[in-house]
Amino acid sequence: MREVLAQAAFQLFLERGFERTTVDDIVARAGVGRRSFFRYFPSKEDAVFPDHERCLAEMTEFLAAADDGDPVGAVSDAARIVLRMYAANPEFSVQRYRLTREVPGLRTYELSVVRRYEQTLAGHLRSRFGEDGDGALRAEVIAASVVAAHNNGLRLWLRSGGEGDPEVAVDHALALVRAAWGRPAASAAPAAPAVTEVSAAPAVPFAVSGGGDGDGEVVVMVARKGTPMWRVVQQIEAAVGEN
């Protein structure tokens with residue numbers, strides 16, 4: 001039923017537009033009642049992303065069983081779970097990407113989903129590096145790095161219309177993260193790579209993404225705590241050269 005409702009919703013979003021489609025329209029297309037819809041989805045936005053809850057649960061289970069010896073490798077591999085979810089249905093993934101670009105509310109919702117993945121990765125890293133001080137800071141920065149790298153490669157594939165192998169770009173981006181941060185949990189802070197600072201405000205490093213020229217350059221996004229997520233993403237995309 002969850003899949004039937006999601007398919008009905010997405011078909012209507014493509015036909016009529018997201019804003020012009022109501023929950024009543026969706027349940028009528030699916031042939032069920034309103035209670036059935038809200039049993040599976042709290043809102044219309046959730047119906048656009050029906051697979052993320054399952055994917056998040058799979059990621060959490062994967063990290064719980066991960067080897068303690070390579071925490072950066074573990075969170076990088078966990079990010080590939082999300083990639084495989086997108087790659088399993090290229091047509092739907094590309095259509096959803098285009099719809100999300102057109103509807104600001106869906107973009108905001110998507111950012112909240114991305115943040116949940118990031119928090120899951122950061123939680124795993126804090127359990128290895130420590131909950132306080134530099135250990136917690138390192139966990140947050142690496143988690144943001146992995147998410148930024150994964151999303152950069154994924155979006156390249158989505159913008160191409162789902163052509164080719166999405167793992168190529170994602171693996172390349174994640175390799176840059178591992179090169180910069182991939183040291184055992186017990187070691188000291190990672191060796192400092194060449195850094196280009198995007199914002200010099202006195203704040204916590206919020207996100208890191210590998211430079212694209214292959215020389216180990218790292219771009220660091222710095223933002224004050226409480227900065228709106230859309231502003232952070234805008235700055236990251238500008239730094240890595242995304243249109």
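This is a guided tour of a predicted model, stop by stop.

**The whole chain**

Start with the full protein chain in cartoon view. It has eleven helices and three strands. Follow the sequence and the order reads α-α-α-α-α-α-α-α-α-α-β-β-β-α. Of the 243 residues in the chain, 46% are buried. Take the contacts with a separation of 6 or more: 59% of them join residues 24 or more positions apart.

**Colour by confidence**

Now colour by pLDDT. The protein chain averages 81, and 76% of the residues score at least 70. Among the elements, α6 has the highest mean pLDDT, 95. Strand β2 (residues 204-210) has the lowest, 37. Next, select residues 184-216. Here the pLDDT is below 50, yet the stretch has 77 contacts in the model beyond near neighbours in sequence.

**Helix α5: M59 and L63**

Select M59, in helix α5. Is M59 buried or exposed? Its relative accessibility is 1%, so M59 counts as buried; the cut-off is under 20%. Show its surroundings. Leaving aside neighbours within four places in sequence, M59 is in contact with A78, A79, I81, V82, Y117, T120 and L121. Draw a C-alpha to C-alpha distance from M59 to V82: the two are 8.1 Å apart in space and 23 residues apart in sequence.

Stay on α5 and move to L63. L63 has a relative accessible area of 4% and is buried. Which residues does L63 touch, not counting those up to four places away in sequence? They are A74, V75, A78, T120, L121, H124 and R128. Of these, L121 lies 8.2 Å from L63, C-alpha to C-alpha, with their positions 58 residues apart in sequence. A78 is in contact with M59 and with L63. So are T120 and L121, on the M59 list and on the L63 list.

M59 and L63 both sit in α5. An α-helix has 3.6 residues a turn, so residues three or four places apart point the same way.

**The second largest cavity**

Switch on cavity display. The structure holds three cavities of 30 Å³ or more. Go to the second largest, with about 210 Å³ of space. Its lining has 20 residues; V82, V114, H150, N151 and L154 are the closest to its centre. V82 is also a contact of M59.

Which helices supply at least two residues each to this lining? They are α5 (52-64), α6 (71-87), α7 (90-102), α8 (104-129) and α9 (133-159). The largest share, seven residues, comes from α9. By type, the lining divides into 13 nonpolar, three polar and four charged residues.

**Helix α9**

Select α9 by itself. This helix has 27 residues. From first C-alpha to last, α9 reaches 39 Å, close to the 39 Å expected at 1.5 Å a residue. α9 is mostly covered, with 20 of its 27 residues buried. Step past its end to G161. The phi of G161 is positive, near 85 degrees.

**Helix α7**

Move to α7, another contributor to the lining of the second largest cavity. Its end C-alpha atoms are 19 Å apart, which agrees with the 18 Å that 13 residues should span at 1.5 Å a residue. Show the side chains of F92, S93, V94, R96, Y97, L99 and T100. These are the buried residues of α7. What do they pack against? Their partners are α1 (2-16), α4 (44-48), α5, α6, α8 and α9.

**Two partly exposed stops**

Select G17, in the loop between α1 and α2 (23-30). At 24% relative accessibility, G17 counts as partly exposed, because that range runs between 20% and 50%. Add E102 to the selection. The C-alpha atoms of G17 and E102 are separated by 9.5 Å, though the two are 85 residues apart along the chain.

Finish at E167, in helix α10 (residues 166-181). E167 also counts as partly exposed, with a relative accessibility of 34%. Pick R80 as its partner. E167 and R80 are 8.2 Å apart, C-alpha to C-alpha, and 87 residues apart in sequence.

Key. Residues are numbered from 1 along each chain as its sequence is written. This is a predicted model: local features need pLDDT of at least 70, side-chain atom pairs count only at pLDDT 80 or more; totals for chains, interfaces and linings use all residues. Side-chain values use heavy atoms; hydrogens and water are left out. On a 1 Å grid over the protein atoms alone, a cavity is a set of points where a 1.4 Å probe fits but cannot get out, and a pocket is an open set with protein on both sides within 12 Å along at least five of seven lines; lining residues have an atom within 4 Å of a point. Grid points are joined across faces, edges and corners, and a volume is the space filled by probe spheres set on the points. Helices (H or I, at least four residues) and strands (E, at least two) are DSSP runs, numbered from the N terminus. Ala, Val, Leu, Ile, Met, Phe, Trp, Tyr, Cys and Pro count as nonpolar, Asp, Glu, Lys and Arg as charged, and the others, Gly among them, as polar. The expected span of a helix is 1.5 Å times one less than its number of residues. Buried means under 20% relative accessible area, exposed over 50%, partly exposed in between (1.4 Å probe, protein chains only). Contact means heavy atoms within 4.5 Å. pLDDT is the predictor's confidence in each residue, from 0 to 100.
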